[in-house]
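Please work through the exercises below with the sequence and the model open side by side. Each task is followed by a solution in steps.

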Amino acid sequence: MFARITLENFKSFKHIVFDLKKTNNLVKKIAYVYGENGAGKTNLLSSFFFLEDTMATLSMSKKAQELFDSLNTTENPKAEAIEDRLLTSIISRYPSDLKKIVNEAKMIGAEDGVKAKYDFYLSNKKGSYEFHFNKNNELVYEKFCYVIHDRPGVLYEIKKKNDNIIDIKTSPSLISNKNYQQEIEHKINQYWGKHTFLSMVGDEMDRQNEQFSEKVFNSHFLHAFHYLNSISVYCKEGLKRQQATLSVSNPILHQLAAGIIPKEEIKSLFTFEKALKQFFTRLYSDIKNVFYKTEKGKSMIRYELYLVKYISGELREIPFTLESQGTHQLLELFPFFYECIEGRTVIVDEIDTGIHDLLIATLLTELEEEFTGQFIASTHNTLLLERIDPANAYILQVDNKGNKNIECIKDINKNNEKTTQKNHNNRDRYLAGWYEGIPYLQGVYFDDIVHQTKLELEN
């Protein structure tokens, strides 16, 4: 589980530390981030997307090239009809350009480069991964710390010197095979800077079989690598909804509303149909059934989700596509809840979008007892503040000069010598401004805005 995230010159943060540790050095399983609109909640959670993207650049660049070659070939009769801009658009969907990824993450106007550090605990053992970029968005430093012979240590440290020579320091226990170690060092000299070392490891995982990887790489390192590479992130940036690849392998869980599957997957489809029926009929009083309509082809099955619900006293079959934004949001959240109950780390931005305050607060309160993984989400739902441990509620604070800090309510109360006894309502305190992180309206006077705009337009 993640214990602390440290960011510098990342999006709207000059420097921020998101500390998820408990006082006894254990890690919090649950964290909810509050703050006014535009404070940077999405930017904070997108740092997990940033981690995922930087770990995938090498394998994604190869996949993008393979896609480009398959479309842009004389053997393809449709190749001449494919425009260059379409190919560029397709390839741009792959997070393959590290410099571009960093440039998009860098704080506007920052003189220095992006730095990120992710501290974590796995099996009660502490580890960390960090990387630094210079002002030109070039990778100049990368370090991974975890377990070496049951003790904490540095598994590898790579940095670029002033003369552009790459300095590589690896623990002898990182790679057991000497010939393979030389091959990896050659790969570092070839690719590092354009790609992180973890990205190279991911490419090796794709290229080699699992048994080979387990044989040559340090088992603790592989454990940590798989953890960092398996987090699930649901995040919104601007007007574009983004979703990281879920770590589960079943394709249906990635496309619950509709999709196409091989015929042999029909049993799995009906299994998820049953699960969704249990989920939605318990959340909505008017929904009585959930099922998939299927259309069978020669080897594939096309499916679409339907709800059976009461409308004007009669049960009617409704295509899920016609449902409300809040109901769609709940379906999108379903696989992430599933993941966290399975023990994985899940990050969700704006979890309450379109969902009734009481419904999402009640649902999350119930799920908190069932989650075995780590669950981190941003929210505006203040009802939760009456139900959750104040140590799990974080406030992203912004002063009038845009400087930002994030603290949990328990620490804020402690620092201000305000106790967290049960008769103290943290929701009331938050809305009253005790913890900051709320909007402060100064009077909009929208009629004056409209009047002045009309006058200027007329003149």
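The exercises concern a predicted model and proceed from the whole chain to a sheet and then to single residues.

**Exercise 1. The chain as a whole**

Determine how many helices and strands the protein chain has, and what share of its residues counts as buried.

Step 1. The secondary structure of the protein chain comprises 14 helices and 18 strands.
Step 2. The protein chain has 459 residues, of which 46% count as buried.
Step 3. The exposed surface amounts to about 24800 Å², and carbon and sulfur atoms contribute 47% of it.
Step 4. Among contacts in the protein chain with a separation of 6 or more, 59% join residues 24 or more positions apart.

**Exercise 2. An open sheet and its helices**

State in which order the seven strands of the open sheet are arranged, and identify the helices α1 and α8 by the strands they touch.

Step 1. The order is β2-β1-β4-β5-β6-β7-β8, with antiparallel pairing.
Step 2. β2 (13–19) and β8 (166–170) are the edge strands, since each of them pairs on one side only.
Step 3. On average, neighbouring strands of this sheet are turned by 10° against each other, direction ignored.
Step 4. Helix α1 (residues 41–54) packs on the sheet and touches β1 (2–10), β2, β4 (115–122) and β5. The direction of α1 makes about 90° with that of β1.
Step 5. Helix α8 (residues 219–228) also packs on the sheet, touching β1, β4, β5, β6 and β7 (151–160). Its direction makes about 120° with that of β6.

**Exercise 3. Strand β6 and its two hairpins**

Describe how β6 pairs with β5 and with β7, and locate the residues with positive phi in the two hairpins.

Step 1. Strand β5 (residues 125–133) and strand β6 (residues 139–148) are antiparallel and share six bridges.
Step 2. F133 has L139 in β6 as its bridge partner, and H132 stands opposite Y141 in β6.
Step 3. Five residues lie between the strands in the hairpin of β5 and β6, where N137 takes a positive phi near 70°.
Step 4. β6 and β7 pair in the antiparallel sense over eight bridges; the bridge partner of I148 is R151 in β7.
Step 5. The hairpin of β6 and β7 has two residues between the strands, and H149 in the turn has a positive phi of about 55°.
Step 6. β6 is mostly covered, with nine of its ten residues buried.

**Exercise 4. Is D119 buried or exposed?**

Step 1. D119 is placed in strand β4.
Step 2. Its relative accessibility is 4%, so D119 counts as buried; the cut-off is under 20%.
Step 3. Leaving aside residues up to four places away in sequence, D119 touches M1, F2, A3, R4, K126, G127 and S128.

**Exercise 5. A nonpolar surface patch**

Name the residues that make the nonpolar surface patch and classify V450 by its accessibility.

Step 1. L441, V444, F446, I449 and V450 make a nonpolar surface patch of about 520 Å².
Step 2. V450 is found in helix α14 (residues 446–458).
Step 3. V450 counts as partly exposed because its relative accessibility is 38%, and that class lies between 20% and 50%.

Terms used. Residues are numbered from 1 along each chain as its sequence is written. This is a predicted model: local features need pLDDT of at least 70, side-chain atom pairs count only at pLDDT 80 or more; totals for chains, interfaces and linings use all residues. Side-chain values use heavy atoms; hydrogens and water are left out. Two strands pair if DSSP finds at least two bridges between them. Helices (H or I, at least four residues) and strands (E, at least two) are DSSP runs, numbered from the N terminus. Axes are lines fitted to C-alpha atoms, for helices over the stretch in contact, and angles run from 0 to 180 degrees between N-to-C directions. Contact means heavy atoms within 4.5 Å. Buried means under 20% relative accessible area, exposed over 50%, partly exposed in between (1.4 Å probe, protein chains only). Patches are made of residues with over 30% relative accessible area and no salt bridge: like charges are joined within 9 Å, nonpolar side chains (Val, Leu, Ile, Met, Phe, Trp, Tyr) within 5 Å. Accessible areas come from the Shrake-Rupley method with a 1.4 Å probe; for residues, only the protein chains shown count as cover. A salt bridge is a side-chain nitrogen of Lys or Arg within 4 Å of a carboxyl oxygen of Asp or Glu.
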